[in-house]
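The exercises below are to be worked with the sequence and the coordinates at hand. Each task is followed by a solution in steps.

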Amino acid sequence: MQNLEDYAKKNGIVLQGEGPCQFCGAPVARGVFECHSNLHHIAAILDFNDPSCYLTRFLSVDAMALQHCELHGPWNNHIHLARLFLIFEKNIAWDYAKTPLLSNIINQYKKNKTAFLMPPPLQQRGRITTSDLLNAYNSEDCKEIVKQWAKEVYDSFGMHHSLISSIAGVFIRKYYS
Ligand SMILES: [Zn+2]
């Protein structure tokens, strides 16, 4: 949790340990801390070392990061949103080797730029949250809920889809043409 607290502090945000998650709106009792601990539920159901679970892992990391933008570096949002774009809109079969390639492209893009993409307002980043993950009792349910969760979050960033499409276009031209 130390990392979370550091980034929140940098952004002038006090982490709240009571009530719904202040970032994603998850209807929990102990705020962002309980929201984060809900993630353990999917880690308990899925074997993230099994390649058939890789996609779910990427989607859950992206959904979580984009719903909690204030808790990591601002350029990470570009990476997470671009990855969701490539998975959902371009049907790219993501794997671990592709993330550093995408990261390089974002690093090129961000040179000489200071403007980050502005996330949607707090608690308006998709209606599905980590609380919904608790409804999964088997790996198939879990994969489906995570997919819906990531799609909701992706859609909530609709105002940035054209920007992210142009950044992801660089990735596609470089590796898929
Ligand atoms: Zn949350």
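**Exercise 1.** In this predicted model, determine which helices the buried residues of α4 pack against.

*Solution.* Begin with the residues themselves. In α4, Thr-56, Phe-58, Leu-59, Ser-60, Asp-62, Ala-63, Met-64, Leu-66 and Gln-67 are buried. Next, look for their partners: these buried residues pack against α3 (39-45), α5 and α8. Finally, check the length of the helix. The 14 residues of α4 should span 20 Å at 1.5 Å a residue, and its end C-alpha atoms are 20 Å apart, so the two values agree.

**Exercise 2.** Describe how α4 (residues 54-67) and α8 (residues 139-156) cross, and classify the residues of their contact.

*Solution.* First, take the axes: they come within 9 Å and cross at roughly 40°. An angle of 35 degrees or more but below 65 belongs to neither the roughly parallel nor the roughly perpendicular class; α4 and α8 are therefore oblique to each other. The crossing of α4 past α8 is left-handed. From α4, the contact draws on Thr-56, Leu-59, Ser-60, Asp-62, Ala-63, Leu-66 and Gln-67; from α8, it draws on Cys-142, Lys-143, Val-146, Lys-147, Trp-149, Ala-150 and Val-153. Sorted by class, the contact of α4 with α8 comprises 8 nonpolar, 3 polar and 3 charged residues.

**Exercise 3.** Carry out the corresponding analysis for α5 (residues 76-88) and α6 (residues 98-110).

*Solution.* The axes of α5 and α6 come within 10 Å and cross at roughly 125°. These two helices are therefore oblique to each other. The crossing of α5 and α6 is right-handed. On the α5 side, His-78, Ile-79, Ala-82 and Arg-83 take part, and they meet Leu-102, Ser-103 and Ile-106 of α6. The residues of this contact divide into 4 nonpolar, 2 polar and 1 charged.

**Exercise 4.** Locate Ile-164, decide whether Ile-164 is buried or exposed, and identify its contacts beyond its neighbours within four places in sequence.

*Solution.* Ile-164 belongs to helix α9 (residues 161-175). Count the surroundings: 23 other C-beta atoms lie within 10 Å of Ile-164. The cut-off for a buried residue is 20 or more, so Ile-164 is buried. With neighbours within four places set aside, Ile-164 is in contact with Leu-81, Ala-82 and Phe-85. Then widen the view to the whole helix. Ile-164, Ile-167, Ala-168 and Phe-171 are buried in α9, and the buried residues of α9 pack against α5 and α6. The 15 residues of α9 reach 20 Å from the first C-alpha to the last, close to the 21 Å expected at 1.5 Å a residue.

**Exercise 5.** Compare the settings of Asn-91 and Gln-123, given that each has a positive phi.

*Solution.* Start from the general expectation: most residues other than glycine have a negative phi. Asn-91, which is not a glycine, has a positive phi of about 50°. For Gln-123, phi is near 65°. Asn-91 lies in the loop between α5 and α6, whereas Gln-123 lies in the loop between α6 and α7 (130-133). Now count neighbours. With 7 other C-beta atoms within 10 Å, Asn-91 is exposed. Gln-123 has 15 other C-beta atoms within 10 Å and is partly exposed.

Technical notes:
Residues numbered from 1 in each chain as written. Predicted model: local features only at pLDDT ≥ 70, side-chain atom pairs only at ≥ 80, totals over all residues. Axes fitted to C-alpha atoms, helices over the stretch in contact; angles between N-to-C directions. Helix = DSSP H or I, 4+ residues; strand = E, 2+ residues; numbered from the N terminus. Parallel < 35°, antiparallel > 145°, perpendicular 65-115°, else oblique. Left-handed = near helix turned anticlockwise from the far one by under 90°. Contact = placed C-beta atoms within 7 Å. Nonpolar A, V, L, I, M, F, W, Y, C, P; charged D, E, K, R; others polar. Buried ≥ 20, exposed ≤ 12 C-beta atoms within 10 Å, placed from the backbone. Expected span 1.5 Å × (residues − 1).
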